[in-house]
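Me: Please take a close look with me at one part of this structure, starting from a single side-chain contact and working outward. I am new to it, so explain each term when it first comes up.

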Amino acid sequence: QQASNMPDASSVASEAARIVGDVEVDVAWFKYMNKTQLGDPCVQTIKCNGPIEAVAYSPDGRRIATGSSDGFVGKVTIWDARNATEVSSYTLPGNLTSICFSGDGKLLLNISNEGTVLITDMISLKERARDIIADTWISSGAITIDGKKMILVSRNGVINMWDLPVEQSGGGQIFNRYVKMFEIQDEDDEGRPSPMTCVAISPNVKRVFIGMSGGLCKVFELSMTEGLSVLHILSGHTSVVCGCSFSADGARVATASLDHTLKVWDVQRGGKPLNSFTDPTEVRSCHFSPDGTFVAVALDSGLAEVLDIASGKTMMSFGRHSGRVNSVMFAPNGKFLISGGMDGLCKVWGIQDMASAETFQGHPDTSITCIGYSADGMELVTGGADGSIKLWGGQRGKELM
(Lines give C-alpha, C1' and ligand atoms only; values in the text may rest on other atoms or scores of the structure.)
Protein backbone atom coordinates (compact mmCIF):
# COMPACT_ATOMS: atom_id res chain seq x y z
CA GLN A 1 0.00 0.00 0.00
CA GLN A 2 2.81 2.42 0.80
CA ALA A 3 4.63 1.52 -2.41
CA SER A 4 1.55 2.46 -4.43
CA ASN A 5 1.92 6.05 -3.26
CA MET A 6 5.57 6.25 -4.32
CA PRO A 7 6.99 7.30 -7.72
CA ASP A 8 7.18 4.48 -10.27
CA ALA A 9 4.94 2.36 -8.08
CA SER A 10 4.70 -0.66 -10.37
CA SER A 11 8.43 -1.29 -10.57
CA VAL A 12 8.87 -0.68 -6.84
CA ALA A 13 6.04 -3.05 -6.00
CA SER A 14 7.41 -5.79 -8.25
CA GLU A 15 10.89 -5.39 -6.77
CA ALA A 16 9.38 -5.49 -3.28
CA ALA A 17 7.59 -8.71 -4.13
CA ARG A 18 10.77 -10.24 -5.49
CA ILE A 19 12.73 -9.41 -2.33
CA VAL A 20 10.29 -10.33 0.40
CA GLY A 21 7.14 -11.68 -1.21
CA ASP A 22 3.94 -10.11 0.10
CA VAL A 23 5.26 -8.92 3.47
CA GLU A 24 7.48 -6.13 4.83
CA VAL A 25 7.00 -3.81 1.86
CA ASP A 26 8.46 -0.91 3.87
CA VAL A 27 11.72 -2.82 4.33
CA ALA A 28 11.74 -3.76 0.65
CA TRP A 29 11.13 -0.15 -0.33
CA PHE A 30 14.18 0.97 1.61
CA LYS A 31 16.30 -1.77 0.05
CA TYR A 32 15.07 -0.95 -3.43
CA MET A 33 15.57 2.80 -3.16
CA ASN A 34 19.09 2.31 -1.81
CA LYS A 35 20.39 0.26 -4.73
CA THR A 36 22.28 2.09 -7.45
CA GLN A 37 22.94 0.87 -10.95
CA LEU A 38 26.38 -0.24 -9.83
CA GLY A 39 25.06 -2.13 -6.81
CA ASP A 40 26.47 0.41 -4.33
CA PRO A 41 23.96 2.51 -2.34
CA CYS A 42 26.47 5.34 -1.84
CA VAL A 43 25.32 8.38 -3.81
CA GLN A 44 28.27 10.67 -3.12
CA THR A 45 31.65 10.64 -1.40
CA ILE A 46 33.09 13.90 -0.10
CA LYS A 47 36.59 14.44 1.27
CA CYS A 48 37.34 17.08 3.92
CA ASN A 49 40.49 18.49 5.52
CA GLY A 50 40.57 16.22 8.58
CA PRO A 51 38.54 13.88 10.78
CA ILE A 52 34.81 14.60 10.67
CA GLU A 53 33.90 15.90 14.12
CA ALA A 54 30.18 16.48 13.52
CA VAL A 55 27.46 16.15 10.89
CA ALA A 56 23.88 17.45 10.85
CA TYR A 57 20.93 17.47 8.46
CA SER A 58 18.81 20.61 8.30
CA PRO A 59 15.23 20.02 9.50
CA ASP A 60 13.88 20.27 5.94
CA GLY A 61 16.49 17.80 4.65
CA ARG A 62 17.85 20.17 2.00
CA ARG A 63 21.22 20.93 3.58
CA ILE A 64 23.94 18.91 5.29
CA ALA A 65 26.43 20.65 7.58
CA THR A 66 29.74 18.94 8.34
CA GLY A 67 32.55 19.92 10.66
CA SER A 68 36.14 18.75 10.25
CA SER A 69 39.44 19.68 11.88
CA ASP A 70 43.09 19.31 11.04
CA GLY A 71 44.33 20.04 14.56
CA PHE A 72 44.72 23.78 14.03
CA VAL A 73 41.69 24.97 12.08
CA GLY A 74 38.11 23.77 12.07
CA LYS A 75 36.21 23.87 8.81
CA VAL A 76 32.43 23.89 8.45
CA THR A 77 31.00 23.01 5.05
CA ILE A 78 27.38 23.27 3.99
CA TRP A 79 26.27 20.92 1.22
CA ASP A 80 23.24 20.62 -1.01
CA ALA A 81 21.76 17.28 0.07
CA ARG A 82 20.23 16.69 -3.37
CA ASN A 83 23.52 16.48 -5.25
CA ALA A 84 26.24 16.78 -2.55
CA THR A 85 27.64 19.99 -4.03
CA GLU A 86 29.28 22.50 -1.71
CA VAL A 87 27.24 25.67 -1.25
CA SER A 88 29.32 27.37 1.43
CA SER A 89 32.28 26.86 3.76
CA TYR A 90 34.11 28.79 6.45
CA THR A 91 36.69 28.21 9.18
CA LEU A 92 37.03 28.66 12.91
CA PRO A 93 40.25 28.55 14.95
CA GLY A 94 40.93 25.27 16.73
CA ASN A 95 38.92 22.07 16.57
CA LEU A 96 35.15 22.00 16.23
CA THR A 97 33.27 20.65 19.23
CA SER A 98 29.68 21.09 18.05
CA ILE A 99 27.45 22.08 15.13
CA CYS A 100 23.65 22.08 15.32
CA PHE A 101 20.67 23.59 13.54
CA SER A 102 17.94 25.56 15.24
CA GLY A 103 14.63 23.71 15.14
CA ASP A 104 13.26 25.95 12.41
CA GLY A 105 16.39 25.38 10.30
CA LYS A 106 17.11 29.09 9.90
CA LEU A 107 20.34 29.17 11.94
CA LEU A 108 23.39 26.95 12.37
CA LEU A 109 25.36 27.07 15.64
CA ASN A 110 29.12 26.38 15.32
CA ILE A 111 31.45 26.03 18.32
CA SER A 112 35.20 25.55 18.49
CA ASN A 113 37.37 24.46 21.40
CA GLU A 114 39.18 27.80 21.20
CA GLY A 115 36.01 29.51 22.44
CA THR A 116 34.79 30.92 19.11
CA VAL A 117 31.03 30.74 18.62
CA LEU A 118 29.66 31.41 15.15
CA ILE A 119 26.03 31.63 14.02
CA THR A 120 25.29 31.17 10.33
CA ASP A 121 22.14 32.37 8.55
CA MET A 122 21.04 29.35 6.53
CA ILE A 123 18.96 31.44 4.12
CA SER A 124 21.58 34.00 3.10
CA LEU A 125 24.54 31.75 4.13
CA LYS A 126 26.11 34.79 5.78
CA GLU A 127 27.50 35.11 9.29
CA ARG A 128 24.98 36.42 11.79
CA ALA A 129 27.45 36.51 14.69
CA ARG A 130 31.06 35.51 15.41
CA ASP A 131 33.02 36.16 18.57
CA ILE A 132 35.22 34.54 21.20
CA ILE A 133 32.71 34.35 24.03
CA ALA A 134 33.66 31.09 25.72
CA ASP A 135 36.78 29.65 27.28
CA THR A 136 38.90 26.87 25.84
CA TRP A 137 37.17 24.31 28.05
CA ILE A 138 33.89 24.44 26.13
CA SER A 139 32.63 20.94 25.37
CA SER A 140 29.15 21.29 23.89
CA GLY A 141 26.31 23.63 23.06
CA ALA A 142 22.67 23.75 22.00
CA ILE A 143 20.33 26.29 20.43
CA THR A 144 16.58 26.59 21.02
CA ILE A 145 14.05 25.71 18.34
CA ASP A 146 13.32 29.35 17.52
CA GLY A 147 17.00 30.34 17.54
CA LYS A 148 16.55 32.96 20.25
CA LYS A 149 18.64 31.36 23.03
CA MET A 150 21.72 29.15 23.27
CA ILE A 151 23.39 27.23 26.05
CA LEU A 152 27.11 26.43 26.31
CA VAL A 153 28.65 23.98 28.78
CA SER A 154 32.30 23.53 29.68
CA ARG A 155 34.59 20.90 31.07
CA ASN A 156 35.45 23.25 33.93
CA GLY A 157 31.87 23.22 35.21
CA VAL A 158 30.58 26.47 33.72
CA ILE A 159 27.09 26.78 32.21
CA ASN A 160 26.31 29.89 30.16
CA MET A 161 22.96 30.90 28.75
CA TRP A 162 22.91 33.54 26.02
CA ASP A 163 20.19 35.65 24.49
CA LEU A 164 20.52 36.15 20.72
CA PRO A 165 18.64 39.38 19.89
CA VAL A 166 18.29 40.22 16.20
CA GLU A 167 19.46 43.64 15.06
CA GLN A 168 20.03 45.45 11.78
CA SER A 169 23.11 47.40 10.76
CA GLY A 170 23.03 50.79 9.07
CA GLY A 171 23.58 49.02 5.76
CA GLY A 172 20.59 46.78 6.29
CA GLN A 173 22.48 43.61 7.27
CA ILE A 174 20.74 41.38 9.81
CA PHE A 175 22.90 40.14 12.68
CA ASN A 176 22.66 38.66 16.18
CA ARG A 177 24.27 39.95 19.33
CA TYR A 178 25.53 37.70 22.11
CA VAL A 179 23.98 38.84 25.39
CA LYS A 180 24.92 36.70 28.38
CA MET A 181 21.85 36.09 30.54
CA PHE A 182 23.69 34.32 33.32
CA GLU A 183 26.58 32.04 34.20
CA ILE A 184 26.55 29.13 36.63
CA GLN A 185 29.67 27.55 38.12
CA ASP A 186 28.62 24.01 38.96
CA GLU A 187 30.61 22.18 41.64
CA ASP A 188 30.59 18.74 43.19
CA ASP A 189 30.14 18.01 46.91
CA GLU A 190 33.82 18.77 47.56
CA GLY A 191 33.75 22.15 45.81
CA ARG A 192 35.49 21.02 42.63
CA PRO A 193 34.26 22.05 39.15
CA SER A 194 31.93 19.51 37.54
CA PRO A 195 33.23 18.66 34.05
CA MET A 196 30.25 18.57 31.66
CA THR A 197 30.20 16.14 28.77
CA CYS A 198 26.82 16.54 27.03
CA VAL A 199 23.87 18.91 26.85
CA ALA A 200 20.39 18.75 25.31
CA ILE A 201 17.37 21.03 25.16
CA SER A 202 13.97 19.33 25.27
CA PRO A 203 11.81 19.55 22.11
CA ASN A 204 9.27 21.68 23.99
CA VAL A 205 12.09 24.07 25.07
CA LYS A 206 11.11 23.75 28.73
CA ARG A 207 14.05 21.76 30.08
CA VAL A 208 17.81 21.52 29.69
CA PHE A 209 19.68 18.32 30.47
CA ILE A 210 23.39 18.23 31.31
CA GLY A 211 25.51 15.10 31.79
CA MET A 212 28.84 15.13 33.63
CA SER A 213 32.04 13.12 33.61
CA GLY A 214 31.54 11.89 37.18
CA GLY A 215 28.16 10.35 36.34
CA LEU A 216 25.94 13.03 37.86
CA CYS A 217 23.17 14.52 35.71
CA LYS A 218 21.16 17.69 36.20
CA VAL A 219 17.89 18.84 34.72
CA PHE A 220 17.19 22.56 34.60
CA GLU A 221 13.92 24.36 34.02
CA LEU A 222 14.36 26.84 31.19
CA SER A 223 12.69 30.22 31.39
CA MET A 224 13.16 32.71 28.58
CA THR A 225 13.09 35.52 31.13
CA GLU A 226 14.53 34.01 34.31
CA GLY A 227 17.12 31.67 32.80
CA LEU A 228 17.91 28.26 34.29
CA SER A 229 16.91 26.87 37.65
CA VAL A 230 17.78 23.40 38.91
CA LEU A 231 14.79 21.10 38.59
CA HIS A 232 16.28 17.65 39.31
CA ILE A 233 19.65 16.21 40.30
CA LEU A 234 19.91 12.69 38.93
CA SER A 235 22.38 10.35 40.60
CA GLY A 236 22.95 6.74 39.65
CA HIS A 237 25.68 6.64 37.06
CA THR A 238 29.21 6.03 38.36
CA SER A 239 31.21 7.07 35.30
CA VAL A 240 31.15 9.47 32.34
CA VAL A 241 27.73 10.25 30.86
CA CYS A 242 28.64 10.26 27.17
CA GLY A 243 25.22 10.55 25.55
CA CYS A 244 21.67 11.72 26.23
CA SER A 245 18.38 11.79 24.34
CA PHE A 246 15.04 13.44 25.11
CA SER A 247 11.77 11.76 24.23
CA ALA A 248 9.66 13.65 21.69
CA ASP A 249 7.36 15.03 24.40
CA GLY A 250 10.28 16.17 26.57
CA ALA A 251 9.01 14.18 29.57
CA ARG A 252 11.81 11.58 29.68
CA VAL A 253 15.56 11.47 29.16
CA ALA A 254 17.76 8.49 28.33
CA THR A 255 21.41 8.58 29.41
CA ALA A 256 24.30 6.42 28.17
CA SER A 257 27.34 5.95 30.39
CA LEU A 258 30.75 4.32 30.42
CA ASP A 259 29.64 2.57 33.63
CA HIS A 260 27.96 -0.05 31.35
CA THR A 261 24.44 1.25 31.96
CA LEU A 262 21.66 3.10 30.20
CA LYS A 263 19.10 4.83 32.39
CA VAL A 264 15.72 6.34 31.57
CA TRP A 265 14.48 9.18 33.78
CA ASP A 266 11.06 10.75 34.24
CA VAL A 267 12.01 14.44 34.25
CA GLN A 268 8.40 15.60 34.31
CA ARG A 269 7.43 13.84 37.54
CA GLY A 270 10.17 14.21 40.11
CA GLY A 271 13.14 13.03 38.04
CA LYS A 272 12.76 9.45 39.23
CA PRO A 273 14.46 6.61 37.29
CA LEU A 274 11.98 4.63 35.20
CA ASN A 275 14.36 1.84 34.28
CA SER A 276 18.01 0.88 34.09
CA PHE A 277 19.72 -1.45 31.63
CA THR A 278 23.13 -3.02 32.25
CA ASP A 279 25.52 -4.45 29.68
CA PRO A 280 28.89 -6.20 30.11
CA THR A 281 30.45 -3.45 27.96
CA GLU A 282 30.36 0.34 27.88
CA VAL A 283 27.32 2.16 26.48
CA ARG A 284 28.43 4.82 23.99
CA SER A 285 25.25 6.54 22.81
CA CYS A 286 21.46 6.31 22.85
CA HIS A 287 18.44 7.50 20.91
CA PHE A 288 14.70 7.52 21.66
CA SER A 289 12.30 6.04 19.13
CA PRO A 290 9.89 8.65 17.71
CA ASP A 291 6.94 7.23 19.68
CA GLY A 292 8.93 7.15 22.95
CA THR A 293 8.42 3.40 23.46
CA PHE A 294 11.99 2.24 22.88
CA VAL A 295 15.56 3.41 23.31
CA ALA A 296 18.37 2.30 21.01
CA VAL A 297 21.87 1.90 22.45
CA ALA A 298 25.36 1.65 20.94
CA LEU A 299 27.62 -0.82 22.76
CA ASP A 300 31.34 -1.46 22.97
CA SER A 301 30.62 -5.11 22.22
CA GLY A 302 29.75 -4.23 18.62
CA LEU A 303 26.01 -4.65 19.14
CA ALA A 304 23.19 -2.18 18.64
CA GLU A 305 20.19 -2.99 20.81
CA VAL A 306 16.63 -1.75 21.17
CA LEU A 307 15.35 -1.62 24.74
CA ASP A 308 11.70 -1.54 25.84
CA ILE A 309 11.27 1.19 28.45
CA ALA A 310 8.16 -0.22 30.10
CA SER A 311 9.33 -3.80 30.60
CA GLY A 312 13.03 -3.10 31.05
CA LYS A 313 13.91 -5.82 28.57
CA THR A 314 16.04 -6.00 25.46
CA MET A 315 13.55 -6.33 22.63
CA MET A 316 16.00 -6.59 19.73
CA SER A 317 19.73 -7.13 19.41
CA PHE A 318 21.36 -6.24 16.09
CA GLY A 319 24.87 -7.05 15.12
CA ARG A 320 27.45 -7.30 15.08
CA HIS A 321 30.05 -4.75 14.12
CA SER A 322 33.63 -5.97 14.40
CA GLY A 323 34.43 -3.07 16.75
CA ARG A 324 32.48 -0.86 19.10
CA VAL A 325 29.38 0.97 17.91
CA ASN A 326 29.85 4.74 18.14
CA SER A 327 26.39 5.96 17.16
CA VAL A 328 22.80 4.76 16.77
CA MET A 329 19.76 6.58 15.43
CA PHE A 330 16.14 5.74 14.64
CA ALA A 331 14.67 6.78 11.31
CA PRO A 332 12.03 9.52 11.64
CA ASN A 333 9.27 6.96 11.01
CA GLY A 334 10.71 4.57 13.62
CA LYS A 335 10.85 1.65 11.17
CA PHE A 336 14.62 1.54 10.74
CA LEU A 337 17.69 1.86 12.94
CA ILE A 338 21.13 2.87 11.74
CA SER A 339 24.41 2.14 13.50
CA GLY A 340 27.92 3.38 12.79
CA GLY A 341 30.97 1.61 14.13
CA MET A 342 34.71 1.58 14.60
CA ASP A 343 34.87 -0.96 11.76
CA GLY A 344 33.89 1.76 9.27
CA LEU A 345 30.54 0.12 8.52
CA CYS A 346 27.11 1.71 8.55
CA LYS A 347 24.31 -0.79 9.07
CA VAL A 348 20.61 -0.20 8.47
CA TRP A 349 18.28 -2.51 10.38
CA GLY A 350 14.58 -3.08 9.77
CA ILE A 351 12.73 -2.90 13.07
CA GLN A 352 9.95 -5.13 11.69
CA ASP A 353 12.42 -7.53 10.10
CA MET A 354 15.65 -8.05 12.05
CA ALA A 355 17.16 -10.08 9.19
CA SER A 356 16.81 -7.21 6.73
CA ALA A 357 20.11 -5.49 7.48
CA GLU A 358 21.87 -3.50 4.80
CA THR A 359 25.60 -2.93 5.28
CA PHE A 360 27.22 0.12 3.68
CA GLN A 361 30.99 -0.26 3.41
CA GLY A 362 31.91 3.30 2.65
CA HIS A 363 34.66 3.98 5.20
CA PRO A 364 37.31 1.26 4.85
CA ASP A 365 40.31 1.38 7.20
CA THR A 366 38.74 4.04 9.42
CA SER A 367 35.89 4.48 11.88
CA ILE A 368 32.49 6.15 11.54
CA THR A 369 32.38 9.05 13.98
CA CYS A 370 28.88 10.45 13.35
CA ILE A 371 25.65 9.65 11.53
CA GLY A 372 22.45 11.47 10.57
CA TYR A 373 19.09 10.90 8.92
CA SER A 374 17.26 13.24 6.56
CA ALA A 375 13.85 14.45 7.74
CA ASP A 376 12.00 12.14 5.32
CA GLY A 377 14.09 9.13 6.37
CA MET A 378 15.09 8.26 2.81
CA GLU A 379 18.69 9.46 3.01
CA LEU A 380 21.43 9.21 5.57
CA VAL A 381 24.89 10.65 5.97
CA THR A 382 27.98 9.24 7.69
CA GLY A 383 31.21 10.93 8.71
CA GLY A 384 34.55 9.15 9.06
CA ALA A 385 37.72 9.68 11.05
CA ASP A 386 39.62 9.93 7.76
CA GLY A 387 37.74 13.10 6.77
CA SER A 388 35.32 11.42 4.37
CA ILE A 389 31.59 12.04 4.23
CA LYS A 390 29.20 9.58 2.58
CA LEU A 391 25.67 10.33 1.43
CA TRP A 392 23.60 7.20 1.09
CA GLY A 393 20.42 6.26 -0.77
CA GLY A 394 17.32 8.32 -1.26
CA GLN A 395 14.98 9.18 -4.10
CA ARG A 396 17.30 11.84 -5.50
CA GLY A 397 20.47 11.52 -7.52
CA LYS A 398 21.01 10.26 -11.04
CA GLU A 399 22.82 7.15 -9.85
CA LEU A 400 19.71 5.75 -8.16
CA MET A 401 17.20 3.39 -9.79
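Reply: A salt bridge is counted when a side-chain nitrogen of Lys or Arg lies within 4 Å of a carboxyl oxygen of Asp or Glu. This is a predicted model, in which local features need pLDDT of at least 70 and side-chain atom pairs count at pLDDT 80 or more, while totals for chains, interfaces and linings use all residues. Residues are numbered from 1 along each chain as its sequence is written, and side-chain values use heavy atoms, with hydrogens and water left out. With pLDDT being the predictor's confidence in each residue, from 0 to 100, the chain averages 80, and 83% of the residues score at least 70.

The starting point is the pair Arg-269 and Asp-266, whose side chains meet in a salt bridge with 3.9 Å from N to O. The two partners sit in contrasting surroundings, since Arg-269 counts as exposed at 56% relative accessibility, whereas Asp-266 is buried, with a relative accessible area of 7% (buried means under 20%, exposed over 50%, partly exposed in between, with a 1.4 Å probe and protein chains only). In addition, salt bridges that share partners join Glu-282, Arg-284 and Asp-300 into one network, and a search of the whole structure finds eight salt bridges.

Asp-266 also has a place in a sheet. It stands opposite Lys-272, a residue of strand 23 (a strand is a DSSP run of E with at least two residues, numbered from the N terminus). Strand 22, residues 261–266, and strand 23 run antiparallel and are joined by six bridges (two strands pair if DSSP finds at least two bridges between them). Both belong to an open sheet of four strands, in the order 20-21-22-23, with antiparallel pairing. At its edges stand strand 20 (241–246) and strand 23 (272–278), and because each has a single partner strand, one side of each is left without a neighbour in the sheet.

For a comparison, what forms a salt bridge with Arg-177? The partner is Glu-167, and the closest N and O atoms of this pair are 2.3 Å apart. The contact links distant parts of the chain, for Arg-177 lies in the loop between strand 14 (174–176) and strand 15, while Glu-167 is in strand 13 (residues 166–168), ten residues away. Arg-177 is partly exposed at 38% relative accessibility, and Glu-167 is likewise classed as partly exposed, at 27%.

Another salt bridge brings together Glu-183 and Lys-180, with 3.0 Å from N to O. Here Glu-183 is partly exposed at 47% relative accessibility, and Lys-180 is partly exposed with a relative accessible area of 39%.

The sheet in this region is again open and antiparallel, with four strands in the order 10-11-12-15. Its edge strands are strand 10 (138–143) and strand 15 (179–185), each of which pairs on one side only. Strand 10 pairs with strand 11, residues 149–154, in the antiparallel sense over five bridges, and one example from strand 11 is Met-150, the bridge partner of Ile-143.

Aromatic rings form further links, and the structure holds two such pairs (rings of Phe, Tyr and Trp, the last with its six-membered ring, pair if their centres lie within 6.5 Å; planes under 30 degrees apart count as stacked, over 60 as edge-to-face and the rest as tilted). Trp-162 and Tyr-178 have ring centres 6.2 Å apart and planes at 75°, so this pair is edge-to-face. Because Trp-162 lies in strand 12 (residues 158–163) and Tyr-178 in the loop between strand 14 and strand 15, the pair ties together parts that are 16 residues apart in sequence. Trp-162 is buried at 6% relative accessibility, and Tyr-178 is buried at 17%.

The other pair, Phe-318 and Trp-349, is tilted, with 5.1 Å centre to centre and 35° between the planes. Phe-318 lies in strand 27 (residues 314–318) and Trp-349 in strand 30, so parts that are 31 residues apart in sequence are tied together. Phe-318 counts as buried at 1% relative accessibility, and Trp-349 is buried with a relative accessible area of 5%.

Strand 30, residues 346–350, has five of its five residues buried, so it is largely enclosed by the rest of the structure. On one side Cys-346, Val-348 and Gly-350 are buried, and on the other Lys-347 and Trp-349 are buried as well. Strand 30 pairs with strand 29, residues 336–341, in the antiparallel sense over five bridges, and Lys-347 is the bridge partner of Ser-339. The two strands form a hairpin with four residues between them, and Gly-344 in the turn has a positive phi of about 80°.
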